[in-house]
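Student: Could we go through this protein together, one question at a time, and keep the reasoning visible at each step?

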Amino acid sequence: MRRVVMLGLALVMFLSLAAAAEALTVTVYTDKTAWENAVGGTILTEDFNDATLNVGVSFSSTESGHINTAPGHGYYQDVLNSTSQNYPQTVWSFTPRITAYGGNWDLGGPGGGGNSLNVYIYDILFKVGYISNSYQGGFWGFISDTPFTSVQLIGGGGDHQQNYTLDNMVYSPVPVPGTLGLLSSGLLGLFFFRRKVF
């Protein structure tokens, strides 16, 4: 009986996550000004110029992720090897929840350019998109109409390790920015999952 109850709970959780992902609308931006204009609310920046993160921001890395504050640096760096047995990932967590996330990404470094970085909203294991291995300091970010607490980065498939750095990480905490207030007008039922790229 206990097993049936546990399986039932697992099914309910899975269906809840699936429903959340189905109603989610995420917009990806490669232009920081367009991202800032679309956020339309509070934007906070972590510049990584020291080892102390902004209040409410934390990260975990199964590999060698760390903040590099050496002279002339000032960024977060990590190496995600798709063949590692550690399930290579970096997870950024935020309190309070956020609705927008981004930063300047540089994918490359020792060992080649790697494969790419897959980006997920970790709360519901929703794939937002990927950052190409050709990124060299450019902006990549996204806005979600549903608040979330964490972002997961995973190295793309293949045999090459993905070296990357992240600088000037930006995010927008709840309350939801004004340009995303569309959902508060009762139109949630009209939305299905969609992803846009600007």
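Tutor: Helices and strands here are DSSP runs numbered from the N terminus, a strand needing at least two residues. Please keep in mind that the model is predicted.

Student: In which strand is the place of D106?
Tutor: The whole protein comes to two helices and eleven strands, and read along the sequence these follow the pattern α-β-α-β-β-β-β-β-β-β-β-β-β. Within that numbering, the place of D106 is strand β6.

Student: Is D106 buried, exposed or partly exposed?
Tutor: Buried requires under 20% relative accessible area and exposed requires over 50%. The relative accessible area of D106 is 33%, so D106 counts as partly exposed.

Student: Which residues does D106 touch, leaving aside those up to four places away in sequence?
Tutor: Separation along the chain does not rule out proximity in space here, since the C-alpha atoms of D106 and S134 are 8.1 Å apart although the two are 28 residues apart in sequence. Counting a contact as heavy atoms within 4.5 Å, the residues that D106 touches are Y135, Q136, G137, N163, Y164 and T165.

Student: How many aromatic pairs are there, and why is the pair of W105 and Y164 called stacked, tilted or edge-to-face?
Tutor: Ring centres must lie within 6.5 Å, and planes under 30 degrees apart count as stacked, over 60 as edge-to-face and the rest as tilted. By this rule the count comes to 14 aromatic pairs. The rings of W105 and Y164 have centres 6.0 Å apart and planes at 35°, so this pair is tilted.

Student: How many residues apart are W105 and Y164, and in which strands do they lie?
Tutor: This pair links distant parts of the chain, with W105 in strand β6 (residues 89-107) and Y164 in strand β10 (residues 161-173). Both partners count as buried, W105 at 0% relative accessibility and Y164 at 2%. Along the chain, W105 and Y164 are 59 residues apart.

Student: What is the arrangement of the aromatic pair formed by F142 and F148?
Tutor: F142 is buried with a relative accessible area of 0%, and F148 is buried with 1%. Their rings are 5.5 Å apart centre to centre with 25° between the planes, and the arrangement is stacked.

Student: Which residues form the one aromatic cluster?
Tutor: The two pairs just discussed both contribute to this cluster, as W105, Y164, F142 and F148 are among its members. In full, the cluster is F48, F59, Y76, W92, F94, Y101, W105, W140, F142, F148, Y164 and Y171.

Student: Which strand gives the most to the largest nonpolar core?
Tutor: In soluble globular proteins, nonpolar side chains tend to be buried together. The largest core here has 31 residues, of which W92, Y101, W105 and F142 touch the most other members. Elements giving two or more residues to this core include β1 (25-29), β5 (75-81) and β9 (136-155). With six residues, the strand that gives the most is β6.

Student: How far apart are the C-alpha atoms of W92 and T149?
Tutor: W92 lies in strand β6 and is buried, with a relative accessible area of 0%. Although W92 and T149 are 57 residues apart along the chain, the separation of their C-alpha atoms is 8.4 Å.

Student: Among contacts between residues at least 6 apart in sequence, what percentage join residues at least 24 apart?
Tutor: The pair of W105 and Y164, 59 residues apart, already showed a link between distant parts of the chain. For the protein as a whole, the percentage is 78%.

Notes: Residues are numbered from 1 along each chain as its sequence is written. This is a predicted model: local features need pLDDT of at least 70, side-chain atom pairs count only at pLDDT 80 or more; totals for chains, interfaces and linings use all residues. Side-chain values use heavy atoms; hydrogens and water are left out. Helices (H or I, at least four residues) and strands (E, at least two) are DSSP runs, numbered from the N terminus. Buried means under 20% relative accessible area, exposed over 50%, partly exposed in between (1.4 Å probe, protein chains only). A nonpolar core is a set of buried Ala, Val, Leu, Ile, Met, Phe, Trp, Tyr and Cys residues joined through side-chain atoms within 4.5 Å.
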